[in-house]
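Visitor: I would like to go through this structure one question at a time. Please keep the answers short and end each one on the item I asked for.

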Amino acid sequence: MNKKRRRLSVLFTFIIFTTLGIFLFIQINKSRDLSNINQLKKNFELVLDLTSDMLSSGYFQWDDVYEAVKNSDKVFLDDTFLEIIFLNEYITSIKIIDEKPENLSKWFTKKTINNKIVVNFNVYDSRQNNVLRDHYVQVTFNKIKIMRNIQSKNIYLLEDTGNYDFLYENRLRSQNPPILIFQLISSIGIGLLCALILNRVYYTHSHFFYETRGLQKIIFLFEQTERFSANHSKNVAAISYILGEKYGLKRRTLKDLKVAALLHDIGKISVPREILNKVDPLTEKEFDIIKEHATFADRILEDFEELSHLRTFIKHHHEKMDGTGYPSGLKGNEIPLQSRIIAVADIFEALTGERPYRKPLEPLAALSFMKRMSLDQDILILLEKNIHLICNKIHIAD
Ligand SMILES: [Fe+2]
Ligand SMILES: [Fe+2]
């Protein structure tokens, strides 16, 4: 991926995730407001109903008030009404009305007018045998005062719907600015974080990709100069991948195994060409030089941070199960599984390929030869089971 496209996708990620963050906070705010409003409505109705119940049963079902209203005893009524207003901060006025309020229920009926709530009461005697038919009591409540007393933080106003029944809508009047700023910054933060993660993934991926590709190119060019081992690393990688897959390795481990197999002989660039291409048997000294390719590979990969986790697999691809291999003489399970797989793939590919000093072996002959070698027998079984597939993959007749 080129730089321009990478920057664009990082920017795009930033915008998308910031927008998503803002959208998420809007939804959270909305649902929080809705639940606040619903709770507020319930509290409001509770206060109003309790107060109205108290007035109805305490004052307007009382013989003294019944008689006073019936006889228009202004002095008594003024005293009583003043007492009620004094005792209840939500009530702003009380008066007697002659006209029957609309839809008056048995005890009282509520109605909203702008910021006031009007509650009309029937007036009964104490035993509720008699009710006045031409006089009613009208009590006005201050809606805002009730709201201010029941709400916890934000200021809410009741909207007047103009309905006679006690129907109203609440509206969130003010959002808390510091919270909004915090949410906005958080959204930008989320967007930024996602963009940085994506950028890091691109960076790591492209590093891994280009470093691997670069080294593979070196191996490929190097192998082309050798008469007999062109495509050796490619084939070893293909065989290792099949063996690893059949062994049950997961995707990521398989990918690493394949790259390690591709790079397993990178250290051979340190071995003089005349030794690598020698037709006659190698001297002990020459063989020692060849052996150095395993540790030399480790030294090359030291400088490639993104490939550092593959170094041990490559370094030990010539170890033997009985500890007679090189460079460290590791035994059995001390040898990393990936190295054991690469070892099997490496030897199979070498035996079935042409070499300066011998003709290629038939796959089954190579296999039976390998069974006598100190290799991981479990992996050899996998090789045997999948020999047809493997031979197809590396284009040799089985
Ligand atoms: Fe090797
Ligand atoms: Fe090899």
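Guide: This is a predicted model. In it, the side chain of Ser270 reaches the backbone oxygen of Gly267 at 2.8 Å.

Visitor: Is Ser270 buried, partly exposed or exposed?
Guide: Ser270 sits in the loop between H7 and H8. Its relative accessibility is 30%. Buried would need a value under 20% and exposed one over 50%, so Ser270 counts as partly exposed.

Visitor: How far apart in space are Ser270 and His293?
Guide: In sequence, Ser270 and His293 are separated by 23 residues. From C-alpha to C-alpha, their distance in space is 6.7 Å.

Visitor: Where is Asp265 found, and what is its relative accessible area?
Guide: Asp265 is in the loop between helix H7 (251-262) and helix H8 (273-276). The cut-off for buried is under 20% relative accessible area. Asp265 is buried because its relative accessible area is 5%.

Visitor: Which side chains make polar contacts with the side chain of Asp265?
Guide: Among residues over four places away in sequence, Asp265 touches His232, Ser233, His293, His317, His318 and Asp346. A polar contact of 3.2 Å runs from the side chain of Asp265 to that of His232. Another, of 3.0 Å, joins the side chain of Asp265 to the side chain of His293. The names asked for are therefore His232 and His293.

Visitor: Which residues coordinate the iron ion (ligand 1)?
Guide: The donors follow the spacing D-x27-H-x23-H-H along the chain. Asp265 lies in the loop between H7 and H8 and His293 in helix H9 (residues 284-302), so this pair ties together parts that are 28 residues apart in sequence. Both Asp265 and His293 are buried. At 2.2 to 2.3 Å, the coordinating residues are Asp265 (OD), His293 (NE2), His317 (NE2) and His318 (NE2).

Visitor: Which residues are the protein donors of the iron ion (ligand 2)?
Guide: Along the sequence, the spacing of the donor residues is H-x31-H-D-x80-D. One of them, His264, counts as buried because its relative accessibility is 0%. Lying 2.1 to 2.3 Å from the ion, the donors are His232 (NE2), His264 (NE2), Asp265 (OD) and Asp346 (OD).

Visitor: What is the arrangement of the four donor atoms around the iron ion (ligand 2)?
Guide: Four donors count as tetrahedral if all angles lie between 85 and 135 degrees. The four donor atoms around the iron ion (ligand 2) subtend angles of 76 to 172°. This range makes the arrangement irregular.

Visitor: And what is the site of the iron ion (ligand 1) like?
Guide: Its four donor atoms give angles of 83 to 174°. This site, too, is classed as irregular.

Visitor: Which residue bridges the iron ion (ligand 2) and the iron ion (ligand 1)?
Guide: The two iron ions lie 3.6 Å apart. A single residue is named as coordinating both. That residue is Asp265.

Visitor: With which residue does Asp265 form a salt bridge?
Guide: The structure holds eight salt bridges. In the one formed by Asp265, the closest N and O atoms are 3.5 Å apart. Asp265 is buried, and its partner is buried as well. The partner is Lys268.

Visitor: Where are Arg340 and Asp376, and how far apart are their closest N and O atoms?
Guide: Arg340 and Asp376 form a salt bridge. The pair links distant parts of the chain, 36 residues apart: Arg340 in helix H11 (residues 337-352) and Asp376 in the loop between helix H12 (363-371) and helix H13 (377-385). Both Arg340 and Asp376 are buried. Their closest N and O atoms are separated by 2.7 Å.

Visitor: Is Glu286 buried or exposed?
Guide: The side chain of Glu286 meets that of Lys278 in a salt bridge (2.7 Å, N to O). Lys278 is partly exposed, with a relative accessible area of 22%. At 18% relative accessibility, Glu286 counts as buried.

Visitor: Which residues touch the most other members of the largest nonpolar core?
Guide: This core has 46 residues. H11 gives the most to it, with nine residues. The residues touching the most other members are Leu243, Phe348, Met370 and Leu383.

How values were computed. Residues are numbered from 1 along each chain as its sequence is written. Chains are lettered from A and ligands numbered from 1 in the order in which they are written. This is a predicted model: local features need pLDDT of at least 70, side-chain atom pairs count only at pLDDT 80 or more; totals for chains, interfaces and linings use all residues. Side-chain values use heavy atoms; hydrogens and water are left out. Helices (H or I, at least four residues) and strands (E, at least two) are DSSP runs, numbered from the N terminus. Buried means under 20% relative accessible area, exposed over 50%, partly exposed in between (1.4 Å probe, protein chains only). A polar contact is a pair of N or O atoms within 3.5 Å; within protein, one must be able to donate a hydrogen and the other to accept it, and residues adjacent in sequence count only if both atoms are side-chain atoms. Contact means heavy atoms within 4.5 Å. Donors are N, O and S atoms within 2.8 Å of the metal (3.2 Å for Na, K and Ca); water is not among the atoms, so sites may look incomplete. Four donors count as tetrahedral if all angles lie between 85 and 135 degrees; four count as square planar and six as octahedral if opposite donors are over 155 degrees apart and all others between 65 and 115; anything else is irregular. A salt bridge is a side-chain nitrogen of Lys or Arg within 4 Å of a carboxyl oxygen of Asp or Glu. A nonpolar core is a set of buried Ala, Val, Leu, Ile, Met, Phe, Trp, Tyr and Cys residues joined through side-chain atoms within 4.5 Å.
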